[in-house]
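Dear colleague,

I am passing on a structure that you have not seen before, and my notes on it follow. Please read them with the model open beside you.

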Amino acid sequence: MICDLIANAPQYASLHPAFAHCFRWLAAFERHGLTRAEAEQVLTLTLNVVRGMAMNSLWQTDLRTAKNVLRGW
């Protein structure tokens, strides 16, 4: 998973703000009842959706569709 390195090495949180954000999101998901594995899966899926939308925006600039996708997610 994308967050394996982050989840297994908390010391990386100080290297880049993105690592710290992953810890905060994982903790938030766990506080709301998800297991660690479920939280990592949701975070990984979310990061992949956002990354895919970023790549897609290089050739399609339909902001309405992007907003609808994020609202649905």
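Which residues form a nonpolar patch on the surface? They are Met-55, Leu-58 and Trp-59, which together have about 400 Å² of accessible area (areas come from the Shrake-Rupley method with a 1.4 Å probe, and for residues only the protein chains shown count as cover). A patch here is made of residues with over 30% relative accessible area and no salt bridge, where nonpolar side chains (Val, Leu, Ile, Met, Phe, Trp, Tyr) are joined within 5 Å and like charges within 9 Å. Met-55 lies in helix H3 and is partly exposed, with a relative accessible area of 45%; buried means under 20%, exposed over 50%, and partly exposed in between, with a 1.4 Å probe and protein chains only.

Before going further, please note that this is a predicted model, in which local features need pLDDT of at least 70 and side-chain atom pairs count only at pLDDT 80 or more, while totals for chains, interfaces and linings use all residues. Residues are numbered from 1 along each chain as its sequence is written, and side-chain values use heavy atoms, with hydrogens and water left out.

As for the overall layout, the protein chain has four helices and zero strands, these being DSSP runs numbered from the N terminus (helices H or I, at least four residues; strands E, at least two). Of the 73 residues in the protein chain, 19% are buried, and the accessible surface comes to about 5,500 Å², of which 63% belongs to carbon and sulfur atoms.

Turning to the interior, the largest nonpolar core has five residues, namely Cys-22, Leu-26, Phe-29, Ala-39 and Leu-43. Such a core is a set of buried Ala, Val, Leu, Ile, Met, Phe, Trp, Tyr and Cys residues joined through side-chain atoms within 4.5 Å. Helix H2 (17–31) and helix H3 (36–56) each give two or more residues to this core, and H2 gives the most, with three.

Finally, there are two salt bridges, each defined as a side-chain nitrogen of Lys or Arg within 4 Å of a carboxyl oxygen of Asp or Glu. Arg-36 forms one with Glu-30, the closest N and O atoms being 3.4 Å apart, and another with Glu-40, where the closest N and O atoms are 3.3 Å apart, so that Glu-30, Arg-36 and Glu-40 are linked in a network. Arg-36 and Glu-40 both lie in helix H3, four residues apart, about one turn of the helix. Arg-36 counts as partly exposed at 31% relative accessibility, whereas Glu-40 counts as buried at 11%.

With best wishes
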